[in-house]
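Thanks for sharing this one with me. Here are my notes, set out point by point so you can follow along in the viewer.

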Amino acid sequence: MEEPDAEPPLMVVPGVDSAARQLCFEWGPAEMLVCETLFGGRGGCRRAPPRASPGKPRFLAGAGEGRPSSSSVFVVRKDQDVYVQTLRKLFNESHGIFVGLQRSEEELAGKSRKAHLVQVSKNYRSVIRACMEDMHQAAVSARDPALHSQYSTQVSILSAMELIWNLCEILFVEAAVAGPLLIRLLDWVRLHVCDVNNMVREVLSSENPSKHELFWNVVDVFVLQGRMDEARHLLSKEASANPASLTMCRVLDDLMKKMPVPSLGNMQTLTELELKWQHWHEECQRYLQDGTFASNSHMESICKVLLGDENAILEKKELLTTWYHFLVTRLLYCHPTVKPMELRFYAQSSMDLFLGGESSAEPLDIILMAAFEFEIHQVIKECSIALSNWWFVAHLTDLLDHCKLLQSHNLYFGSNMREFLLLEYASGLFSHHSLWQLGVDYFDHCPEYGRVYLELHIERIPLNTEQKALKVLRICEQRQMHEQVRSICKIMAMKALRNNRLGSALSWSIRAKDAAFATLISDRFLKDYCEKGCFSDLDLIDNLGPSMLLSDRLTFLGKYREFHRLYGEKRFSEAAKLLLMLMTAHIAPCSFWMTLLTDALPLLEQKEIIFSAEQTYELMRCLEDLTAGKSDKQKLQDDDVETMKVEMLRLALARNLARVIVKEGTLEGS
Amino acid sequence: MEDVCAKFVSQKVSKARWRPPPAAALRPPDCFATGSWDNEDNRISIWSVGDLGSVGLNGEYQGEPQLLCDIRHNGDVMDMQFLDQERIVVASSTGDVTIFRHHQNNQTLSANQRWEKAHYHVDRGAACGGAACTGVICNNPEIVTVGEDGRINFFRADQKDAVRTIDNADSSTLHAVTFLRTTEILTVNSIGQLKIWDLRQQRNEPSQIFSLTGDRVPLHCVDRHPNQQHIVATGGQDGVLSIWDIRQGTMPVSLLNAHEAEMWEVHFHPSNPDHLFTCSEDGSLWHWDTSTSVSEKPSFLHQGGKSSTFFAHNTINQSVVSAWLSNDPTKDRMEITNLIPNQTLSVNSLDVLGPCLVYGTDAEAIYVNRHLFA
């Protein structure tokens, strides 16, 4: 076993005096129950969701208000973000993308495959962004300060997630090569460093931008982000407003225009680019040295930036805001043809230079650094520790796995990392009262343990309506999970039985092919019949069809009802035949024979003869079997009614026999 | 599919219904209601797709549905019907039936009237004695509800107590109900039976029972042809669409293999009944079109232009309708399109009105298509 990388964080469950009492706990699929082992006092439960990372457990239900009490059970959940209302959009939309990705897996190969994966990655990001916008709206419209800050935290988490994902997309999914790599990184910085956007908007919308106090800041921002056209546009404004600086502006404008940049489209080789770059660099150097910009410190510093002067760039620290912006700017003006594998050196030194020992690296910095170092596993690990949900790592890992970047890595527990993370995420979904449906597809795509997880989780879904039960059943039936199908049907049958809905209960047990339960319900029907003298739920019993064969008792119920129908339709001889068959073929339970024989009475008393001599003998034998089977003691206990019934039957049978002998004798004789 | 706009609503949608437009208006509907299920906190929501959104360059509506108002609902929303322009009747899994009123002047919803535990199991008084009310149908002011308790309730919107209740109307669960005529209703149940109840009779027995043969596949939804009242469509657990002619026989006229899982809803297009829509647990939504057979028939009304085509459909309606009852696939072709190619989770509900389609899914999204026949 490996040692844990970091000391597990301590989680204090509020309301528990852990110094004085022992805690006991029980693992659940996605949550844990904790309680104190000494009982005393009373206390209610309240819900108070705090937040922490997936690595740390977090508590959910607290003790009663105010004083601590020990009769509470605490629910400690692993994945808290699943319960954030606004994030449900993220879970649902990304579920669709995830399923699409798994389906497309076999179809694509080669180049189109890579393009497809990049597209998938972009789709994931746009979902994050959409969610972020919603969350931002919610934060803006929230009146409650606590709610507002909660939303704002979510926005910043989502924004960090998108930032990391985008970088991973560039480095791992698209695996951009030298040249295009820089362009992608520039896009990345432009997209995510948006603190300066307000300033830009303010300056551009002012009446006279070049007179605005932040004018040069905006020009700097454009230059630092490599947005040359926009910078030149502003410069032209300065030139027209300030004729004195016209020449300087022209020169700077010309330098900016001529700056060679790597392109995505044409087939320019890297050497060509480097040559052009060298040439342009020298030109900038010349202008700086001959003091062209000496009279304007702003333009001079810009020229220094163009030359890649690290100190000049670092002076604009306020505008850069982050070390990774500094890194990209530095690459743009010093190493435009940086290769992916060289990134790690520049990244490390940029971070050191930028932070300058003033502040230590935050989790986000560590994650980004790991990405620049191409340590994919480190990225995923750090994200798991830092982020408050499994969504991000599960989806990112799955995508990277589809890029065939994680093959070699096997965990010492479970299957592989992809499956482990997906299982964790899906388990979190299953613990949610409504999102459980999404979890199913994630389990489906975990080849090793997915099915077992699904089997364990699906049985624990509360079934409050039949419609929900049908949905759960459908999931189980599609996956041939017979055991679970049986169990769900049994639960539903049991519920129906408790509600005295015998018809429904029978339907459910027929669906589960549960013979024992069908027998139980059939007995209830027969008992009801004996008590009330009529059948309930005729519409069901009359339409049993082939499902009648599920259990002997059910067959009897169906056949017995058929007898009643035939009798009602005055098809006496058919009815008689069926009645006799029920006893002679031992379909009827012995306890019911007396009722059947009593049912034969009116048939025996009919004007026309229904039972043949042979049938009458059979009936007599049945009656004798029944009475002989009983011990003397039982006979004594039988009340007078019973004795009278037997006597009446014997009389009726004898009379019928007499009539039938006469009739059959006459018929044969004639 | 670019005509479809989607909105994720952070709750699983169990029902979606267009608000009926005013009788005189010819405009397409601009407002619909949705209900959610399986949430700790279920809601009834009213959405607008009309006036509030922006209009695109070519005059087409671009925006997604906008939430006008919503209100908490106790229990899963099992079924929902507009009683009139302002009132919605909602069936709950708790057995309650509630009328909500939508106040259009200040965009609020309020509970107008409630029949608590209209459907219940043995003990109505018990805390959890309610039985899910699975279906509701209105014909203002009359309301009929059915439930898991096999009970049929008749209400009037203005009366506090049920007008009539048929206890034990069905021994199994009743899944859906619809009006056949003003005095007759149709119910479908979980053992594959279709029953007609004549409200004029005081006997608590169905006047006719139709049933699927063989496996007694549960039926989940039912709809009646808007013009030809003897034609009825039902959808079952196996995803099969059954067409019944209730004038004759006790078995369906045709069984059409359709979805791979439960068919949750079936709807004839109210004004264009040779079109039919079905949605299913397997995540698909099908458009059944029998109007193609029309074009093969000689018709001097076909002179180009959409309006005349539409007119043509109406005039020879009689022959179109027989397309639903025809058993001969070569004579009357039926065109079937799946409107959702890549869906995974269940489409629980749909509604069609004029050129507009709305549907809601378990993936917590609602979709609106405003150019159905474009």
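1. Let me begin with a single side chain: is Tyr453(A) buried, partly exposed or exposed? Its relative accessibility is 27%, so Tyr453(A) counts as partly exposed. Please keep in mind throughout that this is a predicted model.

2. Tyr453(A) has an aromatic partner, and the structure holds 31 aromatic pairs over all chains. The ring centres of Phe443(A) and Tyr453(A) are 5.7 Å apart and the planes meet at 45 degrees, so this pair is tilted. Phe443(A) sits in helix 19 (residues 436-444) of chain A and Tyr453(A) in helix 20 of chain A, ten residues apart. Phe443(A), in contrast to its partner, counts as buried because its relative accessibility is 1%.

3. For another geometry, look at Tyr359(B) and Tyr367(B): with centres 4.8 Å apart and planes at 10 degrees, the pair is stacked because planes under 30 degrees apart count as such. Both rings belong to buried residues, Tyr359(B) at 3% relative accessibility and Tyr367(B) with a relative accessible area of 15%.

4. Back in chain A, one aromatic cluster is made up of Tyr529(A), Phe556(A), Tyr560(A), Phe563(A), Tyr567(A), Phe572(A) and Phe592(A).

5. Helix 22 of chain A (residues 482-498) passes a simple length check. Its 17 residues, at 1.5 Å a residue, should span 24 Å, and the end C-alpha atoms are indeed 24 Å apart. Just after this helix comes Asn500(A), with a positive phi near 65 degrees.

6. Which residues of helix 22 of chain A are buried? They are Gln484(A), Val485(A), Ile488(A), Cys489(A), Met492(A), Ala493(A), Ala496(A) and Leu497(A). An α-helix has 3.6 residues a turn, so residues three or four places apart point the same way. The buried residues of helix 22 pack against four elements of chain A: helix 20 (450-458), helix 21 (466-478), helix 23 (502-511) and helix 24 (515-532).

7. In chain B, strands 14-15-16-17 form, in that order, an open sheet with antiparallel pairing. Strand 14 (174-181) and strand 17 (208-211) of chain B are the edges, each pairing on one side only. From one strand to the next, the twist averages 20 degrees. Inside the sheet, five bridges join strand 15 (residues 184-189) to strand 16 (residues 193-198) of chain B, and Leu186(B) has Ile196(B) as its bridge partner.

8. Finally, an unreviewed UniProt entry lists residues 212-254 and 256-298 of chain B under "repeat: WD". In the model, residues 212-254 of chain B are 0% helix and 42% strand, with end C-alpha atoms 11 Å apart.

Definitions and conventions
Residues numbered from 1 in each chain as written. Chains lettered and ligands numbered in written order. Predicted model: local features only at pLDDT ≥ 70, side-chain atom pairs only at ≥ 80, totals over all residues. Heavy atoms only, no water. Helix = DSSP H or I, 4+ residues; strand = E, 2+ residues; numbered from the N terminus. Expected span 1.5 Å × (residues − 1). Buried < 20%, exposed > 50% of the residue type's maximum accessible area, 1.4 Å probe, protein only. Contact = heavy atoms within 4.5 Å. UniProt positions renumbered as here; feature names shortened; annotations may be inferred. Pairing = 2+ DSSP bridges. Axes fitted to C-alpha atoms, helices over the stretch in contact; angles between N-to-C directions. Phe/Tyr/Trp six-rings, centres within 6.5 Å; stacked < 30°, edge-to-face > 60°.
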